[in-house]
Amino acid sequence: MATRQVLGIPRARLTVLTLASHSRNLISPGQRQYQPTFASRPYQSTRWASKPSKDIPQRAGREKSRHPPRPISRQEWIIIVCSALLFVDVSSRIDWKDLLLSKEEHSLVKPSYAGHTEMLEAAKEIAQILGQDAVTCDADVLEHHGHSDWSTSNSPVRAAAIVYPRRTDHVSAIARICSARNVPMVPFGAGSSVEGNFSQPYSGICIDFTYMDKVIAFHPDDMDVVVQPGVNWVDLNNQIAHTGLFVPLDPSPTATVGGMVSTNCSGTNAMRYGTMKDWVLNLTVVLPDGRVIKTRRRPRKTSAGYNLTSLFVGAEGTLGIVTEVTLKLAPIPKETSVAVVAFPTIHSAAAAASKLIRSGIQLAALELMDDEQMKLLNTHGSDAVRKRVWDEKPTLFLKFSGTTKDAIKSDVSSVGEIIKPLTDKKFHFAKTKQDELDLWSARKEALFTMVNTRPKGTEIWSTDVAVPISRLAEIIEISKRECGSLGLFASVIGHVGDGNFHVSMMYDPTNPQQKYAVAKCVKNMMTRALEMEGTVSGEHAIGIGKKECLVDELGEETIGLMRQLKASVDPKWVMNPGKVFDWMG
């Protein structure tokens, strides 16, 4: 540390900061940014001017002054002295460490978050802007926002307060207040994520988007819509159905658009329509310090600048808070139908799925439910689902869509021929629209049925992986066999049309042996997926539940680059901290 006298005052110090040795894992010397040095000769474009411009100086350097220096007047000395005194007074009130640190150097300082009292002061300040009814510290509400029955990835800490913004400027004010006080911010949508994406390991302020549920603009001729993050996708599709358009994603019916963007969700329609990233045109984002940006404009394509939209999609709220989303829309298919067929083994069902994917038939969805799931439907399904007795065997659910009924019938016939060598079970095809709804309801109810029927005192560990299509049957068969050997309820279900499947297991969290066995089984599945060149998360994102697995998948160098991006946007590390990866590993 070096000190220097400023204006003859020994207590005013400038601090020269050096990078600590432990920072090397984050930024190597070759990666550090330095101020570029350019030639002193003035540049003149040869593209825009055919001859030298009179407005551009034609020689470098400065001419020597023809006049001797003028002495400083008494009035100017008074101004200098007064300025120095004012500087000393102000400097005593400034946190010079915070002021002098660059963003890069901020990222090297371990985050230090406000205490509970400071967080409550931040909540009071927010209430002065949003109104007292927009902030709550009720214990039951805090618990609801901090714990999920859908997931085992929960943290023991709860937020200090829940706030309910209604507009982008509200969110901007929240961010400015929290950033100034080093208070963590945790966005909250529907609370249906399963990897602890909205948990609050460092407490902080939880930002609930329940009241940011407006459709801001609808452009049916352009086939897009601008919405706030609290809009439920099912409600949105119902509102715009009369125009023949819809958002083709199909995650949990409870999901809201903000959470769908945050996790880059997909769902049963991903085989035909892709994932959330394919349907987001632009985003309005509040950065951690309260600044508001829009990632791009509204055309279907652009090559202007960095693709910031994709940077925030799937970032789990760790880089900024999404307050507006412009979504592309698709035409509602004129004709649809559903078919169901059971198979003797999980391997034959997965093998049939792989053959269908490679056949070229344009299926809208291809889903798998194992024998345990089918048993649940017969005993605990809804009235509509229990209208029929289901084969308690691994079953494929197929969704067809097209422009004519004849086209769909042709696809159904082709599917029947492809799967015939793999099963002797009857191929059930929906004959009416009600049949179609009832058959597909069985697939959509699966997770809710499991959650609602689990024995008291047990928890569900639900996770997913995705692999290349050619390895799908193999990994599903191995995972099903390993899970089934635990002697616990274990089930496989998945969006096999795009190589993604889920495993759910019920266990007693107070039983160390059960908890260890389930955790080991999940870890083995992740390792197996990576060995097959797959991913540890097909659609649930990372949250707090899969951080270690993400390092296994991408490696330290890639995670290091992600940390650099995070540090440049959020140097105080206050945006949803503890998710995706930890500070400095």
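Okay, first question for the room: which strands does helix α7 lie across, and at about what angle to β5 does it run? Helix α7 (residues 233–240) lies across β5, β6 and β10, and it runs at about 45° to β5. When I say helix or strand, I mean DSSP runs numbered from the N terminus, H or I of at least four residues for helices and E of at least two for strands. Angles run from 0 to 180 degrees between N-to-C directions, with axes as lines fitted to C-alpha atoms, for helices over the stretch in contact.

Quick housekeeping. This is a predicted model, where local features need pLDDT of at least 70 and side-chain atom pairs count only at pLDDT 80 or more, while totals for chains, interfaces and linings use all residues. Residues are numbered from 1 along each chain as its sequence is written, and side-chain values use heavy atoms, with hydrogens and water left out.

So, the overview. The protein has 19 helices and 18 strands. Of its 585 residues, 47% are buried, and buried here means under 20% relative accessible area, with exposed over 50% and partly exposed in between (1.4 Å probe, protein chains only). Contacts, meaning heavy atoms within 4.5 Å, reach a long way along the chain: among those with a separation of 6 or more, 71% are between residues 24 or more positions apart.

Back to the sheet under α7. It's an open sheet of five strands, ordered β5-β6-β10-β8-β9, with antiparallel pairing. Two strands pair if DSSP finds at least two bridges between them. At the edges you've got β5 (215–219) and β9 (292–294); each has a single partner strand, so one side of each is left without a neighbour in the sheet. The twist averages 10° from one strand to the next. Inside it, β6 (residues 224–227) and β10 (residues 321–328) are joined by four bridges, and Val225 has Leu327 of β10 as its bridge partner. Helix α6 (residues 168–181) lies across β8 (280–286), β9 and β10, at about 45° to β8.

While we're in this region, have a look at Val313, in the loop between α10 (308–312) and β10. Val313 is buried, at 10% relative accessible area. Not counting residues up to four places away in sequence, Val313 touches Val261, Asn264, Lys277, Val280 and Leu283. Take that last one: Val313 and Leu283 are 30 residues apart in sequence and 8.9 Å apart in space, C-alpha to C-alpha.

There's another open sheet, this one with four strands in the order β1-β2-β4-β3 and mixed pairing. Its edge strands are β1 (135–136) and β3 (185–188), each pairing on one side only. Helix α5 (residues 139–146) packs on that sheet and touches β1, β2, β3 and β4, with its direction at about 75° to that of β2. Strands β2 (residues 161–163) and β4 (residues 205–208) are parallel, over three bridges, with Val163 partnered by Ile207 in β4.

Now my favourite bit, β18. Why call it largely enclosed by the rest of the structure? Because eight of the eight residues of β18 (residues 500–507) are buried. Side chains in a regular strand alternate between the two faces of the sheet. Here, Asn500, His502, Ser504 and Met506 are on one side and Phe501, Val503, Met505 and Tyr507 on the other, and all are buried. Strand β16 (residues 459–466) pairs antiparallel with β18 over eight bridges, while β17 (residues 490–495) is joined to β18 by six, also antiparallel. Asn500 has Ala466 opposite and also His495. In the β17–β18 hairpin, with four residues between the strands, Gly499 takes a positive phi near 75°.

Phe501 shows up again in the largest nonpolar core, which has 54 residues: Leu356, Leu396, Leu398, Ile476 and Phe501 touch the most other members. A core here is a set of buried Ala, Val, Leu, Ile, Met, Phe, Trp, Tyr and Cys residues joined through side-chain atoms within 4.5 Å. A second, separate core has 31 residues, including Phe246, Val261, Trp279 and Val325.

Last thing, cysteines. How many disulfides are there? Zero, going by cysteine sulfur pairs within 2.5 Å. Cys483 is in none, and its nearest cysteine sulfur, that of Cys521, is 3.4 Å away. Cys483 is buried too, at 4% relative accessibility.
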